[in-house]
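User: I'd like to learn how to read a model like this one. Could you walk me through it?

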Amino acid sequence: MASLWLTRSTSRARLRHSLSSSLSIISSSSSSSSSSSSPTTITSPNFITRLSHLFPDFENSRHHFNVSKKNLSLLSNFRPGIAWISTSSGVADNSGKGDQNNKNVAGGPSWIDVYLPRGIQPYAKLARLDKPIGTWLLAWPCMWSITLASTPGQLPDFKMAALFGCGALLLRGAGCTVNDLLDRDIDTMVERTKLRPVASGLLTPFQGICFLGFQLLLGLGILLQLNNYSRVLGASSLLLVFSYPLMKRFTFWPQAYLGLTFNWGALLGWSAVKGSLDPAIVFPLYFSGVFWTLVYDTIYAHQL
């Protein structure tokens with residue numbers, strides 16, 4: 001027992017001595033003249049001997065300890081990038097701050113630029129397919145309502161959820177198309193929006209209108225899958241969709257109007273399952289969603 005304790009104590013002492021020697025060697029190497037860019041190699045015999053005991057293949061991997069002082073000096077200038085999810089389309093403004101040669105993460109190529117044919121890319125960007133957060137924000141109130149309307153003890157209707165998911169994608173794309181058509185003259189004067197397809201001239205207003213009609217036609221096909229009550233209720237949401245882009249011209253609270261628009265699915269999801277509305281259930285869900293939208297869209301507006 002005593003010999004085991006003595007062996008462990010000796011091993012700890014050797015390890016502490018080895019670590020202290022290693023740290024002193026590395027410190028002396030890093031404090032040498034930084035004007036030279038030649039590689040710095042750790043060549044202390046004691047240090048190499050100890051590493052040979054710890055790592056049997058150390059002699060075959062000594063090149064891992066060759067470090068360029070110039071490369072080490074670059075670490076002091078390292079600044080991590082920051083990326084965020086945006087619900088709009090465009091490029092970030094890098095003017096006035098930072099290195100002009102460094103591309104912002106938000107301004108890099110998206111999956112649309114990589115995988116889709118060039119003729120389809122402007123339409124996909126017009127519908128904001130590369131920024132799906134808007135579709136999720138439109139679909140979540142629908143899913144909440146469908147779940148609440150489901151029979152207790154049973155899972156929600158997945159076919160209905162799939163229909164509303166596709167509808168959210170199409171309706172959000174239609175809303176973005178309307179927004180870009182109405183704001184095309186303003187978007188050209190804003191750094192963040194000047195590269196949008198209509199504002200930059202990649203698409204003409206007529207092409208944008210044709211694409212809008214195509215999206216609405218597909219949305220109509222989804223709407224016809226629902227009951228008559230839901231068809232009327234869903235069609236009435238188009239008034240909000242088409243008028244929302246104009247609200248920023250008449251009010252300082254466009255995000256409140258956006259809340260009324262984006263959470264319409266809280267009403268429509270319930271009626272699609274039940275065939276009618278239950279005000280005691282759907283209205284609290286709808287107006288809580290409106291205030292939720294008011295919060296996140298205000299935060300988003302202050303980030304721009």
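User: Where in the protein chain is confidence lowest, and where is it highest?

Analyst: Happy to help! This is a predicted model, and where pLDDT is low, the predicted coordinates should not be read in detail. Here the lowest confidence falls in strand β1 (residues 39-40), with a mean of 44, and the highest in helix α10 (residues 205-223), at 97. Residues 1-7 have pLDDT below 50 and zero contacts beyond near neighbours in sequence. Residues 50-106 also stay under 50, with 65 contacts beyond four places in sequence in the model. For the protein chain, the mean pLDDT is 77, and 64% of residues reach 70 or more.

User: How do the axes of α7 and α11 cross?

Analyst: Two packed helices are described by the angle between their axes and the distance between the axes. For α7 (residues 158-182) and α11 (residues 228-250), the axes come within 9 Å and cross at roughly 40°. The crossing is right-handed. Contact residues include Leu-171, Gly-175 and Val-178 of α7, and Leu-238, Phe-242 and Arg-249 of α11. By type, the residues of this contact are eight nonpolar, two polar and two charged.

User: Which residues touch the most other members of the largest nonpolar core?

Analyst: They are Met-160, Phe-164, Leu-226, Trp-264, Leu-267 and Tyr-286, in a core of 21 residues. Two or more residues come from each of α6, α7, α11, α13 and α14, and α13 gives the most, with five. Take Leu-267: beyond four places in sequence, its contacts are Leu-233, Leu-277, Val-282, Phe-283 and Tyr-286. Another core, of seven residues, lies apart and includes Leu-137, Ala-168, Leu-258 and Tyr-296.

Notes
Residues numbered from 1 in each chain as written. Predicted model: local features only at pLDDT ≥ 70, side-chain atom pairs only at ≥ 80, totals over all residues. Heavy atoms only, no water. Axes fitted to C-alpha atoms, helices over the stretch in contact; angles between N-to-C directions. Helix = DSSP H or I, 4+ residues; strand = E, 2+ residues; numbered from the N terminus. Left-handed = near helix turned anticlockwise from the far one by under 90°. Contact = heavy atoms within 4.5 Å. Nonpolar A, V, L, I, M, F, W, Y, C, P; charged D, E, K, R; others polar. pLDDT = per-residue confidence, 0-100. Core = buried A, V, L, I, M, F, W, Y, C linked by side-chain atoms within 4.5 Å. Buried < 20%, exposed > 50% of the residue type's maximum accessible area, 1.4 Å probe, protein only.
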